[in-house]
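Work through the exercises below with the sequence and the 3D view open. Try each task before you read its solution.

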Amino acid sequence: MGSIGTVLIELANMIKSQISNILTKLPENNRLERIWLLAKMDFKRRYYGSFLGLIWAFINPLGRFFIYYFVFTYLIGSKTPNFALFLFLGLIFWIYFSESAFRGLNIIQTRSFILENIQINKIDIYFASLLSSTIGFAFNFTVYFVASIFFGVDINFTVVLFPLLFINMAIFILGTMIMLSVIHIFIRDIIHIWNLFVLMLMWFSGVFFQIDNNSADWKEAALAYLTPVCGIIKNTRAVLIYGEGFDLNLFIYDYVYALIFFFIALYFLNRSYGMALEKQ
Amino acid sequence: MKSKTEVHKDQVPAVNWKERETVIKLENVSKTFSIIDGAPTMAGQLSAFFSKKSHRKIEALKNINLEIKKGEFFGIIGHNGSGKSTLLRLMAGTYQPNPGGKVYRKGNFMRLSLGIGFDTELTAHENIFLNASILGLSMKQIRERHDLILHMAGLEEYKHTKVKFFSTGMISRLKFAIAVHAEAEIFFMDEFFGGVGDLQFKQLSESIFKESIVKGRTIIHVSHTLPTIREHCQRVLLLHRGEMVALGTPDEVIPQYRKLMKQ
(Lines give C-alpha, C1' and ligand atoms only; values in the text may rest on other atoms or scores of the structure.)
Protein backbone atom coordinates (compact mmCIF):
# COMPACT_ATOMS: atom_id res chain seq x y z
CA MET A 1 0.00 0.00 0.00
CA GLY A 2 2.84 2.29 0.97
CA SER A 3 4.71 1.76 -2.29
CA ILE A 4 1.52 2.21 -4.39
CA GLY A 5 0.92 5.44 -2.49
CA THR A 6 4.46 6.64 -3.23
CA VAL A 7 4.08 5.82 -6.94
CA LEU A 8 0.75 7.67 -7.08
CA ILE A 9 2.19 10.73 -5.32
CA GLU A 10 5.17 10.73 -7.70
CA LEU A 11 2.77 10.45 -10.63
CA ALA A 12 0.69 13.33 -9.27
CA ASN A 13 3.78 15.50 -8.78
CA MET A 14 4.97 14.66 -12.27
CA ILE A 15 1.65 15.77 -13.83
CA LYS A 16 1.66 18.92 -11.71
CA SER A 17 5.23 19.84 -12.66
CA GLN A 18 4.50 19.12 -16.36
CA ILE A 19 1.57 21.55 -16.30
CA SER A 20 3.71 24.13 -14.45
CA ASN A 21 6.48 23.70 -17.03
CA ILE A 22 4.08 24.25 -19.90
CA LEU A 23 2.74 27.39 -18.24
CA THR A 24 6.16 28.84 -17.44
CA LYS A 25 7.18 28.41 -21.09
CA LEU A 26 4.25 30.52 -22.21
CA PRO A 27 4.88 34.25 -22.58
CA GLU A 28 4.35 36.08 -19.27
CA ASN A 29 0.63 36.47 -18.96
CA ASN A 30 -0.80 37.53 -15.62
CA ARG A 31 -4.25 36.30 -16.48
CA LEU A 32 -3.10 32.79 -17.33
CA GLU A 33 -0.90 32.72 -14.23
CA ARG A 34 -3.80 33.90 -12.09
CA ILE A 35 -6.18 31.25 -13.45
CA TRP A 36 -3.56 28.56 -12.94
CA LEU A 37 -2.87 29.75 -9.39
CA LEU A 38 -6.57 29.80 -8.52
CA ALA A 39 -6.99 26.32 -9.98
CA LYS A 40 -3.95 24.96 -8.15
CA MET A 41 -5.13 26.34 -4.81
CA ASP A 42 -8.62 24.99 -5.40
CA PHE A 43 -7.30 21.54 -6.23
CA LYS A 44 -4.93 21.52 -3.26
CA ARG A 45 -7.69 22.68 -0.95
CA ARG A 46 -9.89 19.70 -1.81
CA TYR A 47 -7.40 17.28 -0.32
CA TYR A 48 -6.10 19.43 2.54
CA GLY A 49 -6.32 17.87 5.96
CA SER A 50 -7.27 14.36 4.82
CA PHE A 51 -4.85 11.58 5.82
CA LEU A 52 -4.30 10.26 2.29
CA GLY A 53 -4.44 13.71 0.70
CA LEU A 54 -3.87 13.69 -3.04
CA ILE A 55 -4.08 9.88 -3.23
CA TRP A 56 -7.87 10.32 -3.00
CA ALA A 57 -7.76 11.81 -6.48
CA PHE A 58 -6.89 8.27 -7.67
CA ILE A 59 -8.73 6.16 -5.09
CA ASN A 60 -12.11 7.77 -5.68
CA PRO A 61 -12.52 6.92 -9.40
CA LEU A 62 -10.79 3.56 -8.98
CA GLY A 63 -13.11 2.68 -6.09
CA ARG A 64 -16.18 3.57 -8.15
CA PHE A 65 -14.79 1.61 -11.07
CA PHE A 66 -14.36 -1.59 -9.05
CA ILE A 67 -17.87 -1.34 -7.60
CA TYR A 68 -19.55 -0.80 -10.99
CA TYR A 69 -17.29 -3.34 -12.70
CA PHE A 70 -18.27 -5.98 -10.14
CA VAL A 71 -21.98 -5.19 -10.51
CA PHE A 72 -22.03 -5.07 -14.32
CA THR A 73 -19.66 -7.99 -14.96
CA TYR A 74 -20.61 -10.50 -12.26
CA LEU A 75 -24.17 -9.56 -11.31
CA ILE A 76 -25.60 -8.25 -14.58
CA GLY A 77 -23.16 -9.92 -17.00
CA SER A 78 -22.23 -7.24 -19.51
CA LYS A 79 -21.25 -8.51 -22.99
CA THR A 80 -19.60 -5.24 -24.08
CA PRO A 81 -16.11 -5.89 -25.52
CA ASN A 82 -13.28 -4.46 -23.40
CA PHE A 83 -15.85 -3.61 -20.74
CA ALA A 84 -13.34 -2.60 -18.03
CA LEU A 85 -11.89 0.20 -20.18
CA PHE A 86 -15.30 1.03 -21.61
CA LEU A 87 -16.61 1.57 -18.08
CA PHE A 88 -13.55 3.38 -16.72
CA LEU A 89 -13.45 5.85 -19.60
CA GLY A 90 -17.17 6.58 -19.21
CA LEU A 91 -16.75 7.00 -15.47
CA ILE A 92 -13.84 9.45 -15.59
CA PHE A 93 -15.71 11.63 -18.06
CA TRP A 94 -18.83 11.43 -15.90
CA ILE A 95 -16.90 12.33 -12.72
CA TYR A 96 -15.29 15.24 -14.57
CA PHE A 97 -18.70 16.55 -15.60
CA SER A 98 -20.66 15.94 -12.39
CA GLU A 99 -18.02 17.16 -9.93
CA SER A 100 -17.26 20.30 -11.92
CA ALA A 101 -20.96 21.10 -12.30
CA PHE A 102 -21.55 20.63 -8.59
CA ARG A 103 -18.71 22.98 -7.69
CA GLY A 104 -20.14 25.49 -10.14
CA LEU A 105 -23.44 25.55 -8.26
CA ASN A 106 -22.25 27.69 -5.38
CA ILE A 107 -19.08 29.10 -6.90
CA ILE A 108 -20.25 32.70 -6.34
CA GLN A 109 -20.65 32.00 -2.62
CA THR A 110 -17.42 30.06 -2.18
CA ARG A 111 -15.43 32.65 -4.11
CA SER A 112 -17.19 35.70 -2.68
CA PHE A 113 -14.09 36.53 -0.63
CA ILE A 114 -12.40 37.30 -3.95
CA LEU A 115 -15.32 38.66 -5.95
CA GLU A 116 -16.29 41.15 -3.23
CA ASN A 117 -12.85 42.36 -2.29
CA ILE A 118 -10.65 42.44 -5.35
CA GLN A 119 -11.25 43.44 -8.92
CA ILE A 120 -11.28 40.28 -11.02
CA ASN A 121 -12.85 39.21 -14.27
CA LYS A 122 -15.65 36.97 -13.02
CA ILE A 123 -15.24 34.41 -15.79
CA ASP A 124 -11.72 33.67 -14.50
CA ILE A 125 -13.26 32.11 -11.41
CA TYR A 126 -15.10 29.62 -13.62
CA PHE A 127 -12.05 28.95 -15.79
CA ALA A 128 -10.02 28.26 -12.66
CA SER A 129 -12.60 25.88 -11.25
CA LEU A 130 -12.76 24.03 -14.56
CA LEU A 131 -8.97 23.85 -14.69
CA SER A 132 -8.90 22.50 -11.15
CA SER A 133 -11.29 19.71 -12.20
CA THR A 134 -9.17 19.15 -15.29
CA ILE A 135 -6.14 18.45 -13.08
CA GLY A 136 -8.23 15.71 -11.42
CA PHE A 137 -9.29 14.46 -14.85
CA ALA A 138 -5.64 14.40 -15.96
CA PHE A 139 -4.79 12.10 -13.01
CA ASN A 140 -7.63 9.75 -13.87
CA PHE A 141 -6.85 9.80 -17.56
CA THR A 142 -3.24 8.85 -16.79
CA VAL A 143 -4.53 5.83 -14.86
CA TYR A 144 -6.80 4.99 -17.82
CA PHE A 145 -3.87 5.27 -20.21
CA VAL A 146 -1.72 2.90 -18.12
CA ALA A 147 -4.68 0.50 -17.85
CA SER A 148 -5.27 0.56 -21.61
CA ILE A 149 -1.66 -0.52 -22.16
CA PHE A 150 -2.15 -3.25 -19.54
CA PHE A 151 -5.30 -4.49 -21.36
CA GLY A 152 -3.42 -4.53 -24.67
CA VAL A 153 -5.41 -1.84 -26.48
CA ASP A 154 -3.68 -0.73 -29.67
CA ILE A 155 -2.93 2.96 -29.84
CA ASN A 156 -4.55 3.93 -33.11
CA PHE A 157 -4.08 7.17 -35.09
CA THR A 158 -7.67 8.05 -34.15
CA VAL A 159 -6.26 9.07 -30.73
CA VAL A 160 -5.42 12.47 -32.27
CA LEU A 161 -9.16 13.20 -32.37
CA PHE A 162 -9.40 12.95 -28.58
CA PRO A 163 -8.41 16.61 -27.82
CA LEU A 164 -11.33 17.81 -29.97
CA LEU A 165 -13.75 15.74 -27.90
CA PHE A 166 -12.15 16.86 -24.66
CA ILE A 167 -12.50 20.55 -25.61
CA ASN A 168 -16.16 19.88 -26.47
CA MET A 169 -16.64 18.41 -22.99
CA ALA A 170 -14.85 21.35 -21.32
CA ILE A 171 -17.08 23.89 -23.13
CA PHE A 172 -20.21 22.04 -22.06
CA ILE A 173 -19.00 21.77 -18.46
CA LEU A 174 -18.17 25.48 -18.38
CA GLY A 175 -21.65 26.31 -19.65
CA THR A 176 -23.23 24.01 -17.08
CA MET A 177 -21.21 25.53 -14.23
CA ILE A 178 -22.19 29.06 -15.22
CA MET A 179 -25.85 28.18 -15.75
CA LEU A 180 -26.11 26.36 -12.40
CA SER A 181 -24.43 29.21 -10.52
CA VAL A 182 -26.91 31.67 -12.08
CA ILE A 183 -29.93 29.49 -11.22
CA HIS A 184 -28.56 29.06 -7.68
CA ILE A 185 -28.75 32.84 -7.17
CA PHE A 186 -32.53 32.74 -7.51
CA ILE A 187 -33.42 29.19 -6.55
CA ARG A 188 -31.38 27.77 -3.68
CA ASP A 189 -33.24 24.46 -3.93
CA ILE A 190 -31.39 23.81 -7.17
CA ILE A 191 -28.70 21.97 -5.15
CA HIS A 192 -31.21 19.28 -4.16
CA ILE A 193 -32.88 19.23 -7.58
CA TRP A 194 -29.51 18.94 -9.28
CA ASN A 195 -28.48 15.97 -7.10
CA LEU A 196 -31.50 14.03 -8.35
CA PHE A 197 -31.18 15.26 -11.91
CA VAL A 198 -27.52 14.32 -12.14
CA LEU A 199 -28.30 10.80 -10.89
CA MET A 200 -30.87 10.41 -13.65
CA LEU A 201 -28.51 11.90 -16.21
CA MET A 202 -25.77 9.43 -15.25
CA TRP A 203 -27.93 6.49 -16.39
CA PHE A 204 -28.88 8.31 -19.62
CA SER A 205 -25.33 9.32 -20.56
CA GLY A 206 -24.03 5.95 -21.68
CA VAL A 207 -21.56 5.57 -18.83
CA PHE A 208 -22.47 1.92 -18.20
CA PHE A 209 -23.81 0.84 -21.58
CA GLN A 210 -23.62 2.11 -25.12
CA ILE A 211 -26.44 4.38 -26.23
CA ASP A 212 -26.66 4.33 -29.99
CA ASN A 213 -27.77 7.51 -31.73
CA ASN A 214 -28.45 5.48 -34.89
CA SER A 215 -30.62 2.96 -33.11
CA ALA A 216 -33.89 1.87 -34.72
CA ASP A 217 -35.47 2.49 -31.34
CA TRP A 218 -36.21 6.24 -31.42
CA LYS A 219 -36.16 6.45 -27.61
CA GLU A 220 -32.57 5.20 -27.49
CA ALA A 221 -31.54 7.47 -30.36
CA ALA A 222 -33.17 10.45 -28.65
CA LEU A 223 -31.28 9.75 -25.43
CA ALA A 224 -27.98 10.10 -27.29
CA TYR A 225 -28.95 13.68 -28.11
CA LEU A 226 -30.20 14.59 -24.64
CA THR A 227 -26.86 16.05 -23.53
CA PRO A 228 -23.48 16.27 -25.22
CA VAL A 229 -22.03 14.10 -22.42
CA CYS A 230 -23.56 10.99 -24.00
CA GLY A 231 -22.24 11.71 -27.48
CA ILE A 232 -18.79 12.76 -26.24
CA ILE A 233 -18.41 9.55 -24.21
CA LYS A 234 -19.55 7.47 -27.17
CA ASN A 235 -17.16 9.18 -29.60
CA THR A 236 -14.26 9.09 -27.12
CA ARG A 237 -14.66 5.34 -26.70
CA ALA A 238 -14.70 4.98 -30.47
CA VAL A 239 -11.40 6.84 -30.95
CA LEU A 240 -9.55 5.60 -27.86
CA ILE A 241 -10.69 2.01 -27.31
CA TYR A 242 -12.05 0.75 -30.61
CA GLY A 243 -9.75 2.66 -32.98
CA GLU A 244 -12.68 3.97 -35.03
CA GLY A 245 -13.38 7.45 -36.30
CA PHE A 246 -16.08 9.29 -34.48
CA ASP A 247 -19.69 9.77 -35.50
CA LEU A 248 -19.47 13.09 -37.33
CA ASN A 249 -23.16 14.00 -37.01
CA LEU A 250 -23.05 13.45 -33.27
CA PHE A 251 -19.76 15.33 -33.01
CA ILE A 252 -21.12 18.42 -34.81
CA TYR A 253 -24.37 18.26 -32.87
CA ASP A 254 -22.50 18.09 -29.53
CA TYR A 255 -20.23 21.02 -30.39
CA VAL A 256 -23.11 23.23 -31.51
CA TYR A 257 -25.13 22.22 -28.42
CA ALA A 258 -22.22 22.96 -26.05
CA LEU A 259 -21.40 26.31 -27.66
CA ILE A 260 -25.00 27.54 -27.73
CA PHE A 261 -25.49 26.42 -24.13
CA PHE A 262 -22.25 28.16 -23.06
CA PHE A 263 -23.22 31.49 -24.67
CA ILE A 264 -26.74 31.39 -23.22
CA ALA A 265 -25.25 30.72 -19.77
CA LEU A 266 -22.79 33.58 -20.22
CA TYR A 267 -25.60 35.92 -21.22
CA PHE A 268 -27.56 35.07 -18.08
CA LEU A 269 -24.44 35.44 -15.93
CA ASN A 270 -23.80 38.94 -17.26
CA ARG A 271 -27.43 39.86 -16.68
CA SER A 272 -27.60 38.59 -13.12
CA TYR A 273 -24.06 38.92 -11.76
CA GLY A 274 -24.70 42.19 -9.90
CA MET A 275 -27.69 40.66 -8.19
CA ALA A 276 -25.68 37.54 -7.40
CA LEU A 277 -23.21 39.38 -5.20
CA GLU A 278 -25.99 41.21 -3.39
CA LYS A 279 -28.00 38.07 -2.76
CA GLN A 280 -25.22 35.70 -1.74
CA MET B 1 0.04 63.70 21.76
CA LYS B 2 1.38 62.97 18.31
CA SER B 3 4.29 60.60 17.76
CA LYS B 4 7.33 61.93 15.89
CA THR B 5 6.61 59.89 12.76
CA GLU B 6 2.97 60.85 12.58
CA VAL B 7 2.25 62.74 9.38
CA HIS B 8 -0.42 65.37 9.11
CA LYS B 9 -2.23 65.95 5.82
CA ASP B 10 -0.91 69.51 5.73
CA GLN B 11 2.64 68.16 5.39
CA VAL B 12 1.92 66.46 2.06
CA PRO B 13 2.74 68.29 -1.17
CA ALA B 14 0.21 70.81 -2.47
CA VAL B 15 -1.89 69.30 -5.23
CA ASN B 16 -4.17 70.87 -7.78
CA TRP B 17 -7.04 68.43 -7.47
CA LYS B 18 -8.93 69.86 -10.42
CA GLU B 19 -6.16 68.76 -12.75
CA ARG B 20 -6.06 65.27 -11.32
CA GLU B 21 -7.73 62.40 -13.15
CA THR B 22 -11.10 61.23 -11.86
CA VAL B 23 -10.93 57.62 -10.71
CA ILE B 24 -14.40 57.29 -9.23
CA LYS B 25 -17.51 59.06 -10.42
CA LEU B 26 -21.06 58.52 -9.22
CA GLU B 27 -23.97 60.02 -11.13
CA ASN B 28 -27.50 59.98 -9.68
CA VAL B 29 -26.71 56.89 -7.69
CA SER B 30 -29.47 55.53 -5.50
CA LYS B 31 -29.77 52.12 -3.93
CA THR B 32 -32.97 50.46 -2.82
CA PHE B 33 -33.07 47.03 -1.23
CA SER B 34 -36.19 44.92 -1.58
CA ILE B 35 -36.77 42.73 1.42
CA ILE B 36 -39.31 39.97 1.92
CA ASP B 37 -40.01 39.22 5.58
CA GLY B 38 -41.14 35.74 6.44
CA ALA B 39 -40.50 32.80 8.72
CA PRO B 40 -37.72 30.53 7.45
CA THR B 41 -40.17 27.70 6.79
CA MET B 42 -41.70 26.72 3.47
CA ALA B 43 -45.15 27.92 4.58
CA GLY B 44 -43.68 31.17 5.94
CA GLN B 45 -41.75 31.87 2.77
CA LEU B 46 -44.73 31.08 0.53
CA SER B 47 -47.12 33.29 2.47
CA ALA B 48 -44.53 36.09 2.55
CA PHE B 49 -44.02 35.81 -1.19
CA PHE B 50 -47.72 36.34 -1.93
CA SER B 51 -48.43 38.88 0.81
CA LYS B 52 -47.81 42.53 -0.03
CA LYS B 53 -47.38 43.35 3.66
CA SER B 54 -44.23 41.24 3.78
CA HIS B 55 -42.53 43.18 0.98
CA ARG B 56 -40.48 46.14 2.13
CA LYS B 57 -38.27 48.57 0.31
CA ILE B 58 -35.33 50.18 2.06
CA GLU B 59 -33.79 53.22 0.44
CA ALA B 60 -30.19 52.89 1.52
CA LEU B 61 -28.82 55.69 -0.69
CA LYS B 62 -30.53 58.59 -2.42
CA ASN B 63 -29.22 60.45 -5.43
CA ILE B 64 -25.49 60.49 -4.75
CA ASN B 65 -23.33 62.56 -7.10
CA LEU B 66 -19.64 62.46 -6.43
CA GLU B 67 -16.20 62.57 -8.02
CA ILE B 68 -13.03 61.27 -6.41
CA LYS B 69 -9.63 62.14 -7.84
CA LYS B 70 -6.53 60.00 -8.24
CA GLY B 71 -4.39 60.06 -5.09
CA GLU B 72 -7.13 61.50 -2.93
CA PHE B 73 -7.69 60.33 0.64
CA PHE B 74 -11.46 60.54 0.84
CA GLY B 75 -13.41 60.01 4.04
CA ILE B 76 -17.02 58.91 4.47
CA ILE B 77 -18.68 59.47 7.83
CA GLY B 78 -22.16 59.16 9.26
CA HIS B 79 -24.30 57.35 11.82
CA ASN B 80 -24.70 53.59 11.80
CA GLY B 81 -27.09 52.74 8.98
CA SER B 82 -26.47 55.99 7.12
CA GLY B 83 -25.35 54.11 3.98
CA LYS B 84 -21.56 54.39 4.28
CA SER B 85 -20.73 50.74 3.65
CA THR B 86 -23.40 50.47 0.95
CA LEU B 87 -21.78 53.40 -0.83
CA LEU B 88 -18.38 51.72 -0.60
CA ARG B 89 -19.80 48.49 -2.01
CA LEU B 90 -21.39 50.41 -4.88
CA MET B 91 -18.07 52.03 -5.66
CA ALA B 92 -16.40 48.61 -5.60
CA GLY B 93 -19.06 47.13 -7.89
CA THR B 94 -20.32 44.61 -5.35
CA TYR B 95 -23.72 46.31 -5.46
CA GLN B 96 -25.41 47.67 -8.55
CA PRO B 97 -27.12 51.10 -8.41
CA ASN B 98 -30.83 51.52 -9.12
CA PRO B 99 -31.65 52.03 -12.83
CA GLY B 100 -30.59 55.49 -13.99
CA GLY B 101 -27.57 55.66 -11.71
CA LYS B 102 -24.02 55.31 -12.99
CA VAL B 103 -20.83 54.27 -11.23
CA TYR B 104 -17.56 54.86 -13.03
CA ARG B 105 -14.34 53.43 -11.63
CA LYS B 106 -10.85 53.42 -13.10
CA GLY B 107 -8.11 51.24 -11.66
CA ASN B 108 -7.82 47.96 -9.78
CA PHE B 109 -8.91 47.95 -6.19
CA MET B 110 -8.78 46.05 -2.94
CA ARG B 111 -11.49 46.32 -0.33
CA LEU B 112 -10.10 46.28 3.17
CA SER B 113 -12.58 45.54 5.89
CA LEU B 114 -12.35 43.84 9.24
CA GLY B 115 -13.91 40.66 7.91
CA ILE B 116 -11.98 37.75 6.52
CA GLY B 117 -11.50 38.40 2.80
CA PHE B 118 -9.11 35.50 2.46
CA ASP B 119 -9.45 31.80 1.79
CA THR B 120 -9.13 30.72 5.40
CA GLU B 121 -8.11 27.18 4.48
CA LEU B 122 -5.02 28.49 2.72
CA THR B 123 -1.82 29.67 4.41
CA ALA B 124 -0.57 33.26 4.58
CA HIS B 125 1.99 32.39 1.89
CA GLU B 126 -0.70 31.00 -0.44
CA ASN B 127 -3.07 33.89 0.18
CA ILE B 128 -0.31 36.37 -0.65
CA PHE B 129 0.19 34.68 -4.02
CA LEU B 130 -3.54 34.44 -4.71
CA ASN B 131 -4.45 38.02 -3.79
CA ALA B 132 -1.40 39.68 -5.30
CA SER B 133 -1.91 37.74 -8.51
CA ILE B 134 -5.53 38.88 -8.74
CA LEU B 135 -4.34 42.44 -8.19
CA GLY B 136 -2.22 42.04 -11.30
CA LEU B 137 1.28 41.04 -10.18
CA SER B 138 3.13 38.33 -12.07
CA MET B 139 4.48 35.30 -10.19
CA LYS B 140 7.97 36.74 -10.56
CA GLN B 141 6.93 40.03 -8.97
CA ILE B 142 5.10 38.25 -6.17
CA ARG B 143 8.14 36.10 -5.38
CA GLU B 144 10.24 39.29 -5.20
CA ARG B 145 7.81 41.05 -2.85
CA HIS B 146 6.60 38.07 -0.84
CA ASP B 147 9.02 38.50 2.08
CA LEU B 148 8.42 42.26 2.19
CA ILE B 149 4.68 41.64 2.55
CA LEU B 150 5.22 39.18 5.40
CA HIS B 151 7.67 41.56 7.05
CA MET B 152 5.32 44.52 6.82
CA ALA B 153 2.48 42.45 8.27
CA GLY B 154 4.83 41.13 10.98
CA LEU B 155 3.92 37.57 10.06
CA GLU B 156 7.26 36.05 9.05
CA GLU B 157 6.83 33.28 11.62
CA TYR B 158 3.33 32.44 10.35
CA LYS B 159 4.15 32.07 6.67
CA HIS B 160 2.84 28.51 6.50
CA THR B 161 0.00 28.91 8.99
CA LYS B 162 -3.55 28.69 7.71
CA VAL B 163 -5.29 32.05 7.86
CA LYS B 164 -8.17 30.55 9.87
CA PHE B 165 -5.84 30.52 12.88
CA PHE B 166 -5.08 34.26 12.55
CA SER B 167 -6.55 36.99 14.73
CA THR B 168 -8.55 39.81 13.13
CA GLY B 169 -5.54 42.10 13.54
CA MET B 170 -3.19 39.66 11.81
CA ILE B 171 -5.60 39.24 8.90
CA SER B 172 -6.02 43.00 8.53
CA ARG B 173 -2.26 43.61 8.59
CA LEU B 174 -1.75 40.93 5.95
CA LYS B 175 -4.48 42.40 3.74
CA PHE B 176 -3.06 45.89 4.03
CA ALA B 177 0.49 44.72 3.33
CA ILE B 178 -0.67 42.84 0.22
CA ALA B 179 -2.67 45.83 -1.02
CA VAL B 180 0.35 48.13 -0.56
CA HIS B 181 2.94 45.85 -2.15
CA ALA B 182 0.67 44.62 -4.95
CA GLU B 183 0.10 48.28 -5.80
CA ALA B 184 -3.68 48.31 -5.71
CA GLU B 185 -4.72 51.64 -7.23
CA ILE B 186 -7.79 52.13 -5.07
CA PHE B 187 -8.10 51.13 -1.42
CA PHE B 188 -11.64 50.80 -0.10
CA MET B 189 -11.23 50.81 3.67
CA ASP B 190 -14.31 49.99 5.71
CA GLU B 191 -13.67 50.73 9.42
CA PHE B 192 -10.32 49.16 8.76
CA PHE B 193 -8.06 50.86 11.24
CA GLY B 194 -9.98 50.20 14.42
CA GLY B 195 -7.46 48.31 16.54
CA VAL B 196 -5.34 47.01 13.68
CA GLY B 197 -1.71 46.47 14.55
CA ASP B 198 0.65 48.01 17.05
CA LEU B 199 2.11 51.54 17.08
CA GLN B 200 4.87 50.53 14.66
CA PHE B 201 2.33 49.22 12.12
CA LYS B 202 0.18 52.32 12.48
CA GLN B 203 3.20 54.56 11.89
CA LEU B 204 4.10 52.55 8.82
CA SER B 205 0.53 52.81 7.53
CA GLU B 206 0.56 56.56 8.04
CA SER B 207 3.76 56.98 6.04
CA ILE B 208 2.11 54.94 3.28
CA PHE B 209 -0.89 57.24 3.36
CA LYS B 210 1.44 60.23 3.01
CA GLU B 211 3.12 58.85 -0.11
CA SER B 212 -0.27 57.87 -1.59
CA ILE B 213 -0.83 61.33 -3.01
CA VAL B 214 2.54 61.24 -4.74
CA LYS B 215 2.05 57.68 -6.00
CA GLY B 216 -1.51 58.34 -7.11
CA ARG B 217 -3.01 55.74 -4.81
CA THR B 218 -6.61 56.60 -3.99
CA ILE B 219 -7.95 55.78 -0.54
CA ILE B 220 -11.62 55.82 0.33
CA HIS B 221 -11.99 55.48 4.04
CA VAL B 222 -15.25 54.78 5.86
CA SER B 223 -14.86 55.41 9.55
CA HIS B 224 -16.33 56.58 12.84
CA THR B 225 -12.83 57.43 14.05
CA LEU B 226 -12.74 61.19 13.58
CA PRO B 227 -9.05 61.73 14.46
CA THR B 228 -8.04 59.46 11.54
CA ILE B 229 -10.42 61.31 9.22
CA ARG B 230 -9.15 64.70 10.39
CA GLU B 231 -5.54 63.56 10.17
CA HIS B 232 -5.51 62.20 6.63
CA CYS B 233 -8.54 63.09 4.53
CA GLN B 234 -8.49 65.87 1.98
CA ARG B 235 -12.28 65.71 1.66
CA VAL B 236 -15.03 64.14 3.70
CA LEU B 237 -18.58 63.15 2.81
CA LEU B 238 -21.20 63.16 5.52
CA LEU B 239 -24.10 60.78 4.94
CA HIS B 240 -27.34 60.82 6.86
CA ARG B 241 -30.17 58.37 6.15
CA GLY B 242 -28.70 57.67 2.73
CA GLU B 243 -28.42 61.30 1.68
CA MET B 244 -25.42 63.54 1.14
CA VAL B 245 -25.56 66.10 3.92
CA ALA B 246 -22.15 67.70 3.50
CA LEU B 247 -19.06 67.39 1.35
CA GLY B 248 -15.93 69.35 2.09
CA THR B 249 -12.74 69.49 4.13
CA PRO B 250 -12.68 67.68 7.51
CA ASP B 251 -12.76 71.05 9.28
CA GLU B 252 -16.00 71.90 7.49
CA VAL B 253 -17.73 68.54 7.72
CA ILE B 254 -16.78 67.12 11.14
CA PRO B 255 -18.59 69.89 13.10
CA GLN B 256 -21.76 69.12 11.11
CA TYR B 257 -21.38 65.45 11.97
CA ARG B 258 -21.03 66.31 15.66
CA LYS B 259 -24.14 68.45 15.41
CA LEU B 260 -26.07 65.56 13.85
CA MET B 261 -24.85 63.24 16.62
CA LYS B 262 -26.33 65.54 19.25
CA GLN B 263 -29.77 65.64 17.58
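The exercises cover each chain, the sheets and the contact between the chains.

This is a predicted model, in which local features need pLDDT of at least 70, side-chain atom pairs count only at pLDDT 80 or more, and totals for chains, interfaces and linings use all residues. Residues are numbered from 1 along each chain as its sequence is written, chains are lettered from A and ligands numbered from 1 in the order in which they are written, and side-chain values use heavy atoms, with hydrogens and water left out.

**Exercise 1. State how many helices and strands chain A has, and how much of the chain is buried.**

Step 1. Helices (H or I, at least four residues) and strands (E, at least two) are DSSP runs, numbered from the N terminus. Chain A has 12 helices and zero strands.

Step 2. Buried means under 20% relative accessible area, exposed over 50%, and partly exposed in between (1.4 Å probe, protein chains only). Of the 280 residues in chain A, 50% count as buried.

Step 3. Contact means heavy atoms within 4.5 Å. Taking the contacts in chain A between residues at least 6 apart in sequence, 78% join residues at least 24 apart.

**Exercise 2. Compare the span of helix H8 of chain A with the expected value.**

Step 1. The expected span of a helix is 1.5 Å times one less than its number of residues.

Step 2. H8 of chain A covers residues 162-186, which is 25 residues, so it should span 36 Å.

Step 3. Its end C-alpha atoms are 37 Å apart, which agrees.

Step 4. Of the 25 residues of H8(A), 20 are buried, so the helix is largely enclosed by the rest of the structure.

**Exercise 3. Check two of the annotated transmembrane regions of chain A against the model.**

Step 1. An unreviewed UniProt entry lists several spans of chain A as "transmembrane region", including 83-102 and 123-151. UniProt positions are given in the numbering used here, feature names are shortened, and annotations may be inferred rather than shown by experiment.

Step 2. Residues 83-102 of chain A are 100% helix and 0% strand, with end C-alpha atoms 28 Å apart.

Step 3. Residues 123-151 of chain A are 97% helix and 0% strand, with end C-alpha atoms 41 Å apart.

**Exercise 4. Describe where Pro81(A) is found, and whether it is buried or exposed.**

Step 1. Pro81(A) is in the loop between helix H3 (56-76) and helix H4 (83-105) of chain A.

Step 2. Its relative accessibility is 54%, so Pro81(A) counts as exposed.

Step 3. Tyr242(A) is 161 residues away along the chain, yet its C-alpha atom is separated from that of Pro81(A) by 9.3 Å.

**Exercise 5. Give the strand order of the six-stranded sheet of chain B and follow the pairing of S8 with S9.**

Step 1. Two strands pair if DSSP finds at least two bridges between them. The sheet is open, has the order S5-S6-S7-S3-S8-S9 in chain B, and shows mixed pairing.

Step 2. S5 (109-113) and S9 (243-248) of chain B each have a single partner strand, so one side of each is left without a neighbour in the sheet.

Step 3. S8 (residues 235-240) and S9 of chain B pair in the antiparallel sense over five bridges. Leu238(B) has Ala246(B) as its bridge partner, and Leu239(B) has Met244(B).

Step 4. The hairpin of S8(B) and S9(B) has two residues between the strands, and Arg241(B) takes a positive phi near 50° there.

**Exercise 6. Do the same for the three-stranded sheet of chain B.**

Step 1. This open sheet has the order S2-S1-S4 with antiparallel pairing. Its edge strands, S2 and S4 (102-105) of chain B, each pair on one side only.

Step 2. S1(B) and S4(B) pair over four bridges; Tyr104(B) in S4(B) is the bridge partner of Lys25(B).

Step 3. Asn28(B) lies in S1 (residues 22-36) of chain B and has a positive phi near 50°. At 43% relative accessibility, Asn28(B) counts as partly exposed.

Step 4. Asn63(B) lies in S2 (residues 55-69) of chain B and has a positive phi near 45°. At 44% relative accessibility, Asn63(B) counts as partly exposed.

**Exercise 7. Describe the contact between chain B and chain A.**

Step 1. In this contact, 31 residues of chain B meet 21 residues of chain A.

Step 2. Buried area is the accessible area (1.4 Å probe) that two parts lose on being put together, summed over both. Between chain B and chain A it is about 2,500 Å², of which carbon and sulfur atoms give 57%.

Step 3. In chain B, Thr94(B), Leu130(B) and Ile134(B) lose the most area to chain A, together 24% of what that side buries.
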